[in-house]
Amino acid sequence: MSLRKHLPITAVLLAILSIALAAAADAQLQDFFRSVGPLRGEQGDPAELPPEEWPDRDVAGCHLLYTSVRRESNGSGWRTDYPWAQRNLLLRLSELTKTRVSWLAPRVPHVWLVRLTDPALYGCPYLMASDVGTIGLSPGEAEHLRMYLEKGGFLWVDDFWGEAAWEHWSRELARAMPPDQYIVDDVPLTDPIFHMAVDVQAIPQVSGIGFWRASGGRTSERGEESAVAHFRAMRDSHGRIIAVMTHNTDVSNSWERETEDPAYFYQFSVNGYALGVNVLLYAMTH
């Protein structure tokens with residue numbers, strides 16, 4: 001029996017079109033996951049993908065899943081510092097403040113792995129990313145990053161070193177946040193963000209624990225080029241910080257590797273947690 005006798009030709013065409021669009025979307029999704037590789041963190045932990053509904057309204061971490069378009073030495077792309085850096089930071093936040101944290105298991109906070117095009121992004125109280133000197137943003141991702149920040153979101157990018165990484169990140173960020181509207185500047189230590197819970201007296205330069213051990217305790221991973229650690233920020237039209245950028249330092253490693261070496265902990269983790277707790281409190285109260 002002819003299909004044309006039962007369905008108008010427009011319905012047939014719409015059905016074919018919907019199948020083609022679904023196939024194209026599926027192919028794009030597969031291409032994306034091929035580009036980012038297996039969804040496991042830097043130490044092999046399986047990713048926590050955000051559910052359709054959050055398990056509760058307590059504070060959970062969000063880590064950015066992105067495509068790398070270049071490589072940096074000692075970098076692991078989106079996997080860098082995921083998930084234990086934020087897990088440890090949120091654990092300490094729950095111990096040092098009255099903040100209610102969302103738990104995956106006892107003493108293990110949720111840290112969701114989120115794409116910029118994922119609707120779950122808009123449930124993130126803040127978003128972190130590392131090794132952003134390798135990031136590549138599609139037009140859609142740039143659009144959603146701008147929407148997230150303009151709607152009250154907060155971004156912290158960390159662990160990228162040297163001028164090439166900074167220039168690359170700046171170009172990608174400009175695709176989302178035009179630099180003539182959103183200026184990035186170093187933040188003076190008098191700014192309230194450094195005094196939310198603990199007085200931070202200096203920007204800590206934290207090196208990855210592997211580099212620190214191999215170099216005999218040095219902290220600048222690119223020598224003279226990265227000798228100065230920067231804490232830079234982008235503000236909205238009201239002066240509120242909406243994004244911070246810790247450049248020439250790996251603050252996240254001070255949380256992620258806190259238990260691996262007592263000397264590393266005392267040199268880096270104490271100051272790293274002071275900065276981390278301050279930034280999260282600022283992000284959630286401004």
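**Exercise 1. The largest pocket**

Task: Which element gives the most to the lining of the largest pocket, and with how many residues?

Solution.
- Start with the leading contributor. Helix α5 gives the most to this lining, with three residues.
- Keep the source of the coordinates in mind. This is a predicted model.
- Take the volume next. About 260 Å³ of space lies in the largest pocket.
- Go to the lining. It has 21 residues, and the closest to the pocket centre are Asn 74, Asp 159, Gly 208, Glu 221 and Asp 250.
- Place the lining on the fold. The elements giving two or more residues are β8 (155-160) and α5 (209-214).
- Finish with chemistry. The lining has five nonpolar, seven polar and nine charged residues.

**Exercise 2. Confidence**

Task: Over which residues does pLDDT stay under 50?

Solution.
- Begin with the chain. The average pLDDT is 90, and 87% of the residues score at least 70.
- Then find the weak stretch. Residues 1-35 stay under 50.
- Check what holds that stretch in the model. Residues 1-35 have eleven contacts beyond four places in sequence.
- Draw the consequence. Where pLDDT is low, predicted coordinates should not be read in detail.

**Exercise 3. Two cavities**

Task: What are the volumes of the largest cavity and the second largest cavity, and which residues line each?

Solution.
- Count. There are two cavities of 30 Å³ or more.
- Size the largest cavity. Its volume is about 40 Å³.
- List its lining: His 63, Asp 81, Ala 85, Gln 86, Met 128, Ala 129, Ser 130, Ser 252 and Trp 255.
- Assign elements. Two or more lining residues come from each of α2 (84-96), β6 (127-130) and α6 (251-256). Strand β6 has the largest share, three residues.
- Sort by class. This lining divides into four nonpolar, four polar and one charged.
- Turn to the second largest cavity. Its volume is about 30 Å³.
- List its lining: Leu 64, Leu 116, Ile 135, Leu 137, Leu 145, Leu 155 and Trp 169.
- Sort again. Here the split is seven nonpolar, no polar and no charged.

**Exercise 4. α3 against α4**

Task: At what angle do the axes of α3 and α4 cross, and within what distance do they come?

Solution.
- Identify the pair. Helix α3 covers residues 139-150, and helix α4 covers residues 162-176.
- Read the geometry. The axes come within 7 Å and cross at roughly 75 degrees.
- Classify the angle. The range 65 to 115 degrees counts as roughly perpendicular, so α3 is roughly perpendicular to α4.
- Find the contacts. From α3, Pro 139, Ala 142, Leu 145 and Arg 146 meet Leu 173, Arg 175 and Ala 176 of α4.
- Sort them. The contact has five nonpolar, no polar and two charged residues.
- Link back to the cavities. Leu 145 of α3 is in this contact, and Leu 145 also lines the second largest cavity.

**Exercise 5. α2 against α7**

Task: How far apart are the axes of α2 and α7, and at what angle do these helices pack?

Solution.
- Read the geometry. Helix α7 spans residues 262-285; its axis and that of α2 are 10 Å apart, at an angle of about 80 degrees.
- Classify the angle. The two helices are therefore roughly perpendicular to each other.
- Take the α2 side. Asn 88, Leu 89, Leu 90, Arg 92, Leu 93 and Leu 96 make the contact.
- Take the α7 side. The partners are Tyr 273, Gly 276, Val 277, Leu 280, Leu 281 and Met 284.
- Sort by class. The contact has nine nonpolar, two polar and one charged residues.

How values were computed:
Residues are numbered from 1 along each chain as its sequence is written. This is a predicted model: local features need pLDDT of at least 70, side-chain atom pairs count only at pLDDT 80 or more; totals for chains, interfaces and linings use all residues. Side-chain values use heavy atoms; hydrogens and water are left out. On a 1 Å grid over the protein atoms alone, a cavity is a set of points where a 1.4 Å probe fits but cannot get out, and a pocket is an open set with protein on both sides within 12 Å along at least five of seven lines; lining residues have an atom within 4 Å of a point. Grid points are joined across faces, edges and corners, and a volume is the space filled by probe spheres set on the points. Helices (H or I, at least four residues) and strands (E, at least two) are DSSP runs, numbered from the N terminus. Ala, Val, Leu, Ile, Met, Phe, Trp, Tyr, Cys and Pro count as nonpolar, Asp, Glu, Lys and Arg as charged, and the others, Gly among them, as polar. Axes are lines fitted to C-alpha atoms, for helices over the stretch in contact, and angles run from 0 to 180 degrees between N-to-C directions. Angles under 35 degrees count as roughly parallel, over 145 as roughly antiparallel, 65 to 115 as roughly perpendicular and the rest as oblique. Contact means heavy atoms within 4.5 Å. pLDDT is the predictor's confidence in each residue, from 0 to 100.
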